[in-house]
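Let's take a friendly walk through this structure, one region at a time. Please keep the 3D view open as you read.

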Amino acid sequence: MSFSRSLSRKWQAKLLPIASVLVIAILLLVPLLFKLNGKPHADWQQFLGRFHVLAVHLPIALILLVPLLEIAGRYRPALREAAVLVLLFSIVACMGTFTLGYLLAYGSGTAGAGVTHHMWGGLWLTIGVLLCYLIRPSWESGRVPYAYPALLTCVLLVMVWTAHEGGSLTHGRNYLTEYAPAPLKKWPGLGRVEAKDALVPNSFYAEHIDPIFDANCVACHDAAKTKGDLRLDAFNLLMEGGQEGAVIVPGHPERSILFQRITLPHGDKKAMPAEDKPPLKPEEITWIKAWIAQGASPSVPSLAGIVAPKAYREIALPQVGDYSGMLAQISQIDASQGVKLVPVSRKLGDGLILNTVNVAATFNDAQLAQFEKFAPYIVEVYLGRTKVSDKCFDTLKTFTHLRSLNLEETAVTGQGVGKLAGLSQLTYLNLSGTKVTQANLAPALAMRNLHHLYFYNTPAQAAATAQAASAPSPRQVPTRSSR
(Lines give C-alpha, C1' and ligand atoms only; values in the text may rest on other atoms or scores of the structure.)
Protein backbone atom coordinates (compact mmCIF):
# COMPACT_ATOMS: atom_id res chain seq x y z
CA MET A 1 0.00 0.00 0.00
CA SER A 2 1.39 3.43 -0.96
CA PHE A 3 2.39 6.00 1.63
CA SER A 4 -0.29 8.49 0.59
CA ARG A 5 -3.16 5.99 0.80
CA SER A 6 -1.95 4.54 4.10
CA LEU A 7 -1.61 7.94 5.70
CA SER A 8 -4.90 9.13 4.23
CA ARG A 9 -6.89 6.14 5.51
CA LYS A 10 -5.39 6.33 8.99
CA TRP A 11 -6.23 9.98 9.40
CA GLN A 12 -9.67 9.65 7.86
CA ALA A 13 -10.62 6.74 10.08
CA LYS A 14 -9.34 8.04 13.42
CA LEU A 15 -7.88 11.48 13.99
CA LEU A 16 -8.35 13.69 10.95
CA PRO A 17 -12.05 14.62 11.25
CA ILE A 18 -11.81 15.45 14.95
CA ALA A 19 -8.52 17.32 14.58
CA SER A 20 -9.81 19.31 11.60
CA VAL A 21 -12.96 20.45 13.40
CA LEU A 22 -10.88 21.44 16.43
CA VAL A 23 -8.39 23.41 14.34
CA ILE A 24 -11.14 25.25 12.44
CA ALA A 25 -12.93 26.08 15.69
CA ILE A 26 -9.75 27.48 17.23
CA LEU A 27 -8.99 29.56 14.13
CA LEU A 28 -12.48 31.07 14.13
CA LEU A 29 -12.32 31.80 17.88
CA VAL A 30 -9.00 33.66 17.75
CA PRO A 31 -10.44 36.96 16.34
CA LEU A 32 -13.25 36.81 18.92
CA LEU A 33 -11.04 36.12 21.93
CA PHE A 34 -8.14 38.38 20.96
CA LYS A 35 -9.71 41.36 19.23
CA LEU A 36 -7.60 43.68 17.07
CA ASN A 37 -8.84 46.89 18.69
CA GLY A 38 -5.73 49.03 18.29
CA LYS A 39 -4.36 48.43 21.79
CA PRO A 40 -0.68 47.41 21.91
CA HIS A 41 0.30 44.42 24.03
CA ALA A 42 3.49 42.56 24.94
CA ASP A 43 6.85 43.15 23.26
CA TRP A 44 7.46 39.41 22.92
CA GLN A 45 4.39 39.20 20.69
CA GLN A 46 5.84 41.83 18.38
CA PHE A 47 9.23 40.12 18.45
CA LEU A 48 7.78 36.81 17.31
CA GLY A 49 5.23 38.47 15.03
CA ARG A 50 7.85 40.23 12.94
CA PHE A 51 8.99 36.84 11.65
CA HIS A 52 5.66 36.76 9.79
CA VAL A 53 7.23 38.65 6.88
CA LEU A 54 9.75 35.82 6.49
CA ALA A 55 7.44 32.88 7.12
CA VAL A 56 4.72 34.14 4.74
CA HIS A 57 6.67 33.07 1.66
CA LEU A 58 6.74 29.40 2.66
CA PRO A 59 2.97 28.63 2.45
CA ILE A 60 2.73 30.61 -0.78
CA ALA A 61 5.43 28.48 -2.40
CA LEU A 62 3.93 25.22 -1.09
CA ILE A 63 0.38 26.05 -2.18
CA LEU A 64 1.55 27.00 -5.67
CA LEU A 65 3.41 23.71 -5.88
CA VAL A 66 0.32 21.59 -5.19
CA PRO A 67 -1.56 22.17 -8.50
CA LEU A 68 1.70 21.75 -10.43
CA LEU A 69 2.26 18.35 -8.83
CA GLU A 70 -1.37 17.35 -9.42
CA ILE A 71 -1.14 18.22 -13.10
CA ALA A 72 2.24 16.54 -13.53
CA GLY A 73 0.85 13.54 -11.64
CA ARG A 74 -1.38 12.71 -14.58
CA TYR A 75 1.78 11.62 -16.41
CA ARG A 76 3.85 10.49 -13.41
CA PRO A 77 1.62 9.08 -10.65
CA ALA A 78 4.39 9.26 -8.06
CA LEU A 79 4.15 13.04 -8.14
CA ARG A 80 0.58 12.88 -6.86
CA GLU A 81 1.83 11.16 -3.75
CA ALA A 82 4.22 14.11 -3.32
CA ALA A 83 1.24 16.47 -3.69
CA VAL A 84 -0.35 14.90 -0.60
CA LEU A 85 2.75 15.55 1.47
CA VAL A 86 3.13 19.12 0.15
CA LEU A 87 -0.54 19.79 0.95
CA LEU A 88 0.03 18.57 4.50
CA PHE A 89 3.08 20.83 4.88
CA SER A 90 0.99 23.70 3.49
CA ILE A 91 -1.49 23.32 6.34
CA VAL A 92 1.29 23.51 8.94
CA ALA A 93 2.93 26.48 7.18
CA CYS A 94 -0.39 28.37 6.93
CA MET A 95 -1.16 27.83 10.59
CA GLY A 96 2.30 28.99 11.66
CA THR A 97 2.24 32.05 9.41
CA PHE A 98 -1.26 33.00 10.55
CA THR A 99 -0.18 32.73 14.19
CA LEU A 100 2.86 34.97 13.64
CA GLY A 101 0.81 37.52 11.71
CA TYR A 102 -1.82 37.68 14.42
CA LEU A 103 0.86 38.11 17.10
CA LEU A 104 2.30 41.01 15.10
CA ALA A 105 -1.02 42.84 14.77
CA TYR A 106 -2.18 42.07 18.31
CA GLY A 107 1.15 42.85 19.96
CA SER A 108 1.77 46.13 18.11
CA GLY A 109 -1.80 47.38 18.47
CA THR A 110 -2.37 47.50 14.72
CA ALA A 111 -5.96 47.55 13.49
CA GLY A 112 -7.99 48.88 10.57
CA ALA A 113 -9.88 47.56 7.58
CA GLY A 114 -6.75 46.48 5.71
CA VAL A 115 -5.41 44.55 8.69
CA THR A 116 -8.79 42.89 9.20
CA HIS A 117 -9.03 41.90 5.52
CA HIS A 118 -5.53 40.44 5.56
CA MET A 119 -6.24 38.56 8.79
CA TRP A 120 -9.47 36.99 7.53
CA GLY A 121 -7.82 36.17 4.22
CA GLY A 122 -5.09 34.26 6.03
CA LEU A 123 -7.66 32.51 8.21
CA TRP A 124 -9.85 31.35 5.29
CA LEU A 125 -6.76 30.37 3.32
CA THR A 126 -5.68 28.07 6.16
CA ILE A 127 -9.17 26.57 6.43
CA GLY A 128 -9.33 26.17 2.64
CA VAL A 129 -6.03 24.27 2.49
CA LEU A 130 -7.22 22.02 5.33
CA LEU A 131 -10.48 21.30 3.48
CA CYS A 132 -8.50 20.49 0.34
CA TYR A 133 -6.57 17.90 2.30
CA LEU A 134 -9.80 16.44 3.69
CA ILE A 135 -11.60 16.19 0.35
CA ARG A 136 -8.68 15.02 -1.76
CA PRO A 137 -9.06 11.26 -1.03
CA SER A 138 -12.69 11.35 -2.23
CA TRP A 139 -11.60 13.15 -5.38
CA GLU A 140 -8.79 10.66 -6.00
CA SER A 141 -11.23 7.75 -5.65
CA GLY A 142 -13.61 9.38 -8.16
CA ARG A 143 -16.50 9.95 -5.74
CA VAL A 144 -16.40 13.77 -6.11
CA PRO A 145 -14.61 14.43 -9.40
CA TYR A 146 -14.81 18.23 -9.40
CA ALA A 147 -14.88 19.27 -5.73
CA TYR A 148 -11.13 19.16 -5.08
CA PRO A 149 -10.03 21.07 -8.24
CA ALA A 150 -12.73 23.70 -7.62
CA LEU A 151 -11.73 24.12 -3.97
CA LEU A 152 -8.04 24.26 -4.86
CA THR A 153 -8.80 26.99 -7.40
CA CYS A 154 -10.65 28.97 -4.72
CA VAL A 155 -7.67 28.55 -2.39
CA LEU A 156 -5.37 30.02 -5.04
CA LEU A 157 -7.70 33.00 -5.54
CA VAL A 158 -7.94 33.60 -1.78
CA MET A 159 -4.16 33.43 -1.55
CA VAL A 160 -3.73 36.07 -4.25
CA TRP A 161 -6.27 38.38 -2.56
CA THR A 162 -4.70 37.87 0.88
CA ALA A 163 -1.22 38.57 -0.48
CA HIS A 164 -2.52 41.73 -2.15
CA GLU A 165 -4.06 42.94 1.12
CA GLY A 166 -0.80 42.26 2.94
CA GLY A 167 1.23 44.07 0.30
CA SER A 168 -1.14 47.03 0.45
CA LEU A 169 -0.48 47.37 4.19
CA THR A 170 3.23 47.69 3.52
CA HIS A 171 3.39 49.55 0.22
CA GLY A 172 0.01 51.25 -0.17
CA ARG A 173 -3.05 50.33 -2.22
CA ASN A 174 -1.83 51.84 -5.48
CA TYR A 175 1.65 50.28 -5.33
CA LEU A 176 1.03 47.85 -8.20
CA THR A 177 -0.78 50.32 -10.43
CA GLU A 178 1.07 53.57 -9.66
CA TYR A 179 3.25 53.34 -12.77
CA ALA A 180 0.85 51.37 -14.95
CA PRO A 181 0.43 52.59 -18.57
CA ALA A 182 -2.25 55.25 -18.96
CA PRO A 183 -4.66 52.97 -20.87
CA LEU A 184 -4.58 50.42 -18.03
CA LYS A 185 -5.31 53.09 -15.44
CA LYS A 186 -8.60 53.77 -17.21
CA TRP A 187 -9.85 50.30 -16.36
CA PRO A 188 -12.33 50.27 -13.50
CA GLY A 189 -10.56 50.22 -10.15
CA LEU A 190 -6.97 50.31 -11.42
CA GLY A 191 -6.48 54.06 -11.37
CA ARG A 192 -8.77 54.80 -8.47
CA VAL A 193 -7.31 56.19 -5.28
CA GLU A 194 -9.50 56.50 -2.19
CA ALA A 195 -10.62 60.12 -1.86
CA LYS A 196 -9.59 61.97 1.26
CA ASP A 197 -11.77 64.29 3.26
CA ALA A 198 -11.95 67.73 1.69
CA LEU A 199 -9.14 70.09 2.70
CA VAL A 200 -9.42 73.86 2.78
CA PRO A 201 -7.78 75.04 -0.46
CA ASN A 202 -4.55 77.04 -0.09
CA SER A 203 -4.47 76.52 3.68
CA PHE A 204 -1.14 75.94 5.40
CA TYR A 205 -2.42 72.61 6.68
CA ALA A 206 -3.50 71.42 3.21
CA GLU A 207 -0.31 72.52 1.46
CA HIS A 208 2.34 71.66 4.03
CA ILE A 209 1.17 69.70 7.09
CA ASP A 210 -1.12 67.10 5.52
CA PRO A 211 1.48 66.16 2.86
CA ILE A 212 3.97 65.39 5.66
CA PHE A 213 1.48 63.03 7.30
CA ASP A 214 0.55 61.54 3.94
CA ALA A 215 4.17 60.77 3.03
CA ASN A 216 5.41 59.59 6.42
CA CYS A 217 2.54 58.57 8.71
CA VAL A 218 -0.61 57.31 7.03
CA ALA A 219 0.99 54.00 6.07
CA CYS A 220 0.47 53.05 9.74
CA HIS A 221 -2.37 55.44 10.59
CA ASP A 222 -5.17 55.29 8.02
CA ALA A 223 -8.37 53.33 7.48
CA ALA A 224 -6.50 50.22 6.36
CA LYS A 225 -3.93 50.14 9.16
CA THR A 226 -4.56 51.96 12.44
CA LYS A 227 -1.77 51.66 14.99
CA GLY A 228 -2.63 52.90 18.46
CA ASP A 229 -6.19 53.58 17.26
CA LEU A 230 -4.84 56.78 15.67
CA ARG A 231 -5.61 58.01 12.17
CA LEU A 232 -3.77 60.84 10.44
CA ASP A 233 -5.44 60.69 7.04
CA ALA A 234 -8.09 63.30 7.89
CA PHE A 235 -7.97 66.46 10.01
CA ASN A 236 -10.97 65.61 12.19
CA LEU A 237 -9.57 62.14 12.93
CA LEU A 238 -6.16 63.62 13.73
CA MET A 239 -7.73 65.95 16.29
CA GLU A 240 -9.72 63.08 17.84
CA GLY A 241 -6.45 61.39 18.79
CA GLY A 242 -5.99 57.73 19.54
CA GLN A 243 -5.43 55.21 22.28
CA GLU A 244 -3.41 57.69 24.38
CA GLY A 245 -5.89 60.52 23.95
CA ALA A 246 -5.44 63.74 22.01
CA VAL A 247 -2.16 63.91 20.09
CA ILE A 248 -2.52 67.60 19.20
CA VAL A 249 -3.01 70.30 21.87
CA PRO A 250 -3.56 73.56 19.94
CA GLY A 251 -1.19 76.26 21.14
CA HIS A 252 1.03 73.81 23.03
CA PRO A 253 3.42 71.73 20.91
CA GLU A 254 5.35 70.69 24.02
CA ARG A 255 2.18 69.01 25.37
CA SER A 256 1.24 67.43 22.03
CA ILE A 257 2.05 63.72 21.89
CA LEU A 258 2.54 63.84 18.13
CA PHE A 259 5.20 66.55 18.37
CA GLN A 260 6.89 64.77 21.28
CA ARG A 261 7.14 61.57 19.24
CA ILE A 262 8.55 63.15 16.06
CA THR A 263 11.28 64.91 18.07
CA LEU A 264 12.51 61.84 19.95
CA PRO A 265 16.02 60.68 18.98
CA HIS A 266 16.06 58.42 15.95
CA GLY A 267 16.09 54.85 17.18
CA ASP A 268 14.01 55.53 20.29
CA LYS A 269 11.30 52.90 20.75
CA LYS A 270 8.54 55.52 20.67
CA ALA A 271 10.03 57.74 17.95
CA MET A 272 7.85 58.48 14.95
CA PRO A 273 7.85 57.68 12.09
CA ALA A 274 8.43 54.13 13.27
CA GLU A 275 9.25 50.81 11.62
CA ASP A 276 12.74 51.88 10.49
CA LYS A 277 11.41 54.78 8.42
CA PRO A 278 13.68 57.87 8.21
CA PRO A 279 12.93 60.73 10.64
CA LEU A 280 11.16 63.87 9.46
CA LYS A 281 13.27 66.60 7.93
CA PRO A 282 14.16 69.59 10.14
CA GLU A 283 11.93 71.93 8.16
CA GLU A 284 8.98 69.54 8.47
CA ILE A 285 9.36 69.42 12.25
CA THR A 286 9.55 73.22 12.29
CA TRP A 287 6.35 73.56 10.27
CA ILE A 288 4.47 71.15 12.53
CA LYS A 289 5.66 72.91 15.68
CA ALA A 290 4.72 76.36 14.38
CA TRP A 291 1.35 75.08 13.14
CA ILE A 292 0.47 73.59 16.53
CA ALA A 293 1.80 76.64 18.43
CA GLN A 294 -0.40 78.94 16.37
CA GLY A 295 -3.63 77.04 16.93
CA ALA A 296 -3.45 73.92 14.70
CA SER A 297 -6.01 75.40 12.33
CA PRO A 298 -7.10 73.53 9.19
CA SER A 299 -7.91 76.73 7.32
CA VAL A 300 -5.42 79.57 7.98
CA PRO A 301 -3.47 80.32 4.79
CA SER A 302 -0.17 81.18 6.52
CA LEU A 303 1.59 81.29 9.87
CA ALA A 304 3.25 84.28 11.49
CA GLY A 305 6.97 84.19 10.84
CA ILE A 306 6.67 81.18 8.51
CA VAL A 307 6.32 81.18 4.76
CA ALA A 308 7.12 77.79 3.32
CA PRO A 309 9.65 78.02 0.50
CA LYS A 310 8.70 77.57 -3.10
CA ALA A 311 9.80 74.41 -4.79
CA TYR A 312 13.40 74.39 -5.90
CA ARG A 313 15.53 71.92 -7.77
CA GLU A 314 17.47 69.61 -5.51
CA ILE A 315 21.12 69.22 -6.46
CA ALA A 316 23.41 66.35 -5.64
CA LEU A 317 25.54 67.36 -2.67
CA PRO A 318 29.17 66.29 -2.46
CA GLN A 319 30.09 63.47 -0.12
CA VAL A 320 32.12 64.16 3.00
CA GLY A 321 35.45 62.44 3.61
CA ASP A 322 36.12 59.09 5.23
CA TYR A 323 35.91 59.45 9.02
CA SER A 324 36.21 55.73 9.84
CA GLY A 325 39.49 56.42 11.64
CA MET A 326 37.64 58.66 14.10
CA LEU A 327 34.90 56.22 15.09
CA ALA A 328 36.57 55.44 18.42
CA GLN A 329 36.67 59.14 19.32
CA ILE A 330 33.04 59.56 18.29
CA SER A 331 31.96 56.70 20.57
CA GLN A 332 34.00 58.14 23.44
CA ILE A 333 32.31 61.55 23.10
CA ASP A 334 28.88 59.98 23.26
CA ALA A 335 29.81 57.98 26.36
CA SER A 336 31.56 60.80 28.23
CA GLN A 337 29.61 63.93 27.26
CA GLY A 338 26.21 62.72 26.14
CA VAL A 339 26.60 64.61 22.86
CA LYS A 340 25.73 62.41 19.91
CA LEU A 341 27.51 62.32 16.57
CA VAL A 342 25.11 60.14 14.61
CA PRO A 343 25.83 58.88 11.07
CA VAL A 344 23.25 60.02 8.54
CA SER A 345 23.33 56.52 7.08
CA ARG A 346 25.58 53.48 6.83
CA LYS A 347 27.36 55.25 4.02
CA LEU A 348 30.26 57.20 5.54
CA GLY A 349 30.15 59.77 2.76
CA ASP A 350 26.70 60.96 3.88
CA GLY A 351 28.26 62.55 6.96
CA LEU A 352 27.37 63.03 10.63
CA ILE A 353 24.62 64.72 12.64
CA LEU A 354 25.64 66.67 15.78
CA ASN A 355 22.76 66.29 18.25
CA THR A 356 22.84 67.97 21.68
CA VAL A 357 19.28 67.23 22.76
CA ASN A 358 20.40 65.18 25.78
CA VAL A 359 22.74 67.89 27.13
CA ALA A 360 21.01 71.04 25.90
CA ALA A 361 20.82 72.61 29.37
CA THR A 362 24.62 72.74 29.72
CA PHE A 363 26.05 72.73 26.20
CA ASN A 364 27.84 76.02 25.38
CA ASP A 365 30.17 77.72 22.89
CA ALA A 366 33.33 76.23 24.43
CA GLN A 367 31.98 72.70 24.07
CA LEU A 368 30.92 73.35 20.49
CA ALA A 369 34.48 74.48 19.68
CA GLN A 370 35.72 71.01 20.65
CA PHE A 371 33.96 69.60 17.59
CA GLU A 372 36.04 71.56 15.07
CA LYS A 373 38.14 68.45 14.45
CA PHE A 374 34.99 66.76 13.15
CA ALA A 375 33.91 69.85 11.18
CA PRO A 376 34.55 68.47 7.65
CA TYR A 377 32.25 65.50 8.32
CA ILE A 378 29.26 67.17 10.04
CA VAL A 379 26.30 67.95 7.77
CA GLU A 380 23.55 68.67 10.35
CA VAL A 381 23.80 70.48 13.69
CA TYR A 382 21.05 70.61 16.31
CA LEU A 383 21.76 73.23 19.01
CA GLY A 384 18.16 74.00 19.97
CA ARG A 385 17.70 75.24 23.57
CA THR A 386 21.43 75.07 24.31
CA LYS A 387 23.54 77.80 25.99
CA VAL A 388 25.35 78.86 22.83
CA SER A 389 25.62 82.54 21.91
CA ASP A 390 26.72 84.52 18.87
CA LYS A 391 30.24 83.15 19.42
CA CYS A 392 29.01 79.85 17.98
CA PHE A 393 29.26 81.28 14.46
CA ASP A 394 33.08 81.36 14.75
CA THR A 395 33.03 77.58 15.10
CA LEU A 396 30.16 76.83 12.76
CA LYS A 397 31.80 78.63 9.85
CA THR A 398 34.38 75.81 9.78
CA PHE A 399 31.70 73.17 9.17
CA THR A 400 32.27 73.24 5.44
CA HIS A 401 29.67 70.57 4.60
CA LEU A 402 26.97 71.95 6.89
CA ARG A 403 23.50 71.72 5.33
CA SER A 404 21.14 72.14 8.28
CA LEU A 405 21.54 74.28 11.42
CA ASN A 406 19.01 74.57 14.26
CA LEU A 407 19.59 77.37 16.82
CA GLU A 408 16.00 77.46 18.04
CA GLU A 409 15.40 79.06 21.46
CA THR A 410 19.02 80.00 22.08
CA ALA A 411 20.51 83.36 23.15
CA VAL A 412 21.86 84.28 19.70
CA THR A 413 21.01 87.72 18.36
CA GLY A 414 22.19 86.97 14.84
CA GLN A 415 25.28 89.13 15.16
CA GLY A 416 27.88 87.22 13.19
CA VAL A 417 25.41 85.15 11.18
CA GLY A 418 27.10 86.53 8.08
CA LYS A 419 30.07 84.29 8.88
CA LEU A 420 27.96 81.41 7.55
CA ALA A 421 27.89 82.94 4.06
CA GLY A 422 30.81 80.76 3.01
CA LEU A 423 28.84 77.56 3.70
CA SER A 424 27.65 76.89 0.16
CA GLN A 425 25.69 73.75 1.15
CA LEU A 426 23.68 75.34 3.98
CA THR A 427 20.00 75.24 2.97
CA TYR A 428 18.22 75.23 6.37
CA LEU A 429 18.63 77.72 9.25
CA ASN A 430 16.23 77.90 12.19
CA LEU A 431 16.51 80.99 14.42
CA SER A 432 12.98 80.80 15.83
CA GLY A 433 12.57 81.77 19.47
CA THR A 434 15.94 83.56 19.56
CA LYS A 435 16.82 87.24 20.04
CA VAL A 436 17.68 87.77 16.39
CA THR A 437 16.94 91.30 15.21
CA GLN A 438 15.83 92.43 11.80
CA ALA A 439 19.16 94.17 11.14
CA ASN A 440 21.23 91.14 12.09
CA LEU A 441 19.05 88.92 9.89
CA ALA A 442 19.98 90.75 6.68
CA PRO A 443 23.11 88.65 5.89
CA ALA A 444 21.07 85.45 6.16
CA LEU A 445 18.42 86.85 3.82
CA ALA A 446 21.19 87.51 1.29
CA MET A 447 22.37 83.88 1.27
CA ARG A 448 20.94 82.57 -1.98
CA ASN A 449 21.50 78.91 -1.15
CA LEU A 450 19.41 79.22 2.05
CA HIS A 451 16.02 77.82 1.04
CA HIS A 452 14.65 77.42 4.59
CA LEU A 453 15.05 80.36 7.00
CA TYR A 454 12.80 80.55 10.08
CA PHE A 455 12.63 83.28 12.69
CA TYR A 456 9.14 83.28 14.19
CA ASN A 457 8.80 84.42 17.81
CA THR A 458 11.81 86.74 17.45
CA PRO A 459 12.31 90.56 17.43
CA ALA A 460 12.93 90.25 13.68
CA GLN A 461 9.53 88.67 13.13
CA ALA A 462 7.83 91.25 15.35
CA ALA A 463 9.47 94.09 13.42
CA ALA A 464 8.50 92.60 10.07
CA THR A 465 4.92 92.10 11.28
CA ALA A 466 4.75 95.73 12.40
CA GLN A 467 6.02 96.91 9.01
CA ALA A 468 3.43 94.75 7.28
CA ALA A 469 0.66 96.21 9.42
CA SER A 470 1.65 99.77 8.54
CA ALA A 471 2.08 99.11 4.83
CA PRO A 472 -0.54 100.53 2.38
CA SER A 473 -1.58 97.02 1.34
CA PRO A 474 -1.42 93.77 3.28
CA ARG A 475 1.40 91.39 2.56
CA GLN A 476 2.91 88.29 4.04
CA VAL A 477 5.75 88.51 6.51
CA PRO A 478 8.94 87.48 4.69
CA THR A 479 11.05 84.79 6.24
CA ARG A 480 13.59 84.32 3.47
CA SER A 481 14.81 86.07 0.37
CA SER A 482 13.09 85.22 -2.89
CA ARG A 483 14.95 82.60 -4.84
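## A helix and its length

The expected span of a helix is 1.5 Å times one less than its number of residues. In this predicted model, helix H5 covers residues 78-108, which makes 31 residues. At 1.5 Å a residue, H5 should therefore span 45 Å, and the C-alpha atoms at its ends are indeed 45 Å apart, so the two values agree.

What comes after H5? The helix is followed by Gly-109, whose phi is positive, near 70°.

## A glycine in helix H6

Next, have a look at Gly-122, which sits in helix H6 (residues 113-140). Is Gly-122 buried or exposed? Its relative accessible area is 16%, and because the cut-off for buried is under 20%, Gly-122 counts as buried.

Leaving aside neighbours within four places in sequence, Gly-122 is in contact with Phe-98 and Thr-162. Val-158 is 36 residues away from Gly-122 in sequence, while their C-alpha atoms lie 8.3 Å apart in space.

## A nonpolar patch on the surface

Now turn to the surface, where Trp-44, Phe-47, Leu-48, Phe-51, Val-53 and Leu-54 make a nonpolar patch of about 650 Å². Two elements give two or more residues to this patch: helix H2 (43-49) and helix H3 (52-55). H2 provides the largest share, with 3 residues.

Leu-54, one of the patch residues, is found in helix H3. With a relative accessible area of 60%, Leu-54 is classed as exposed because that value is over 50%.

How values were computed:
Residues numbered from 1 in each chain as written. Predicted model: local features only at pLDDT ≥ 70, side-chain atom pairs only at ≥ 80, totals over all residues. Heavy atoms only, no water. Helix = DSSP H or I, 4+ residues; strand = E, 2+ residues; numbered from the N terminus. Buried < 20%, exposed > 50% of the residue type's maximum accessible area, 1.4 Å probe, protein only. Contact = heavy atoms within 4.5 Å. Patch = residues over 30% accessible without salt bridge, like charges linked within 9 Å, V, L, I, M, F, W, Y side chains within 5 Å. Areas by Shrake-Rupley, 256 points an atom, 1.4 Å probe, with all protein chains shown as cover. Salt bridge = Lys/Arg side-chain N within 4 Å of Asp/Glu carboxyl O.
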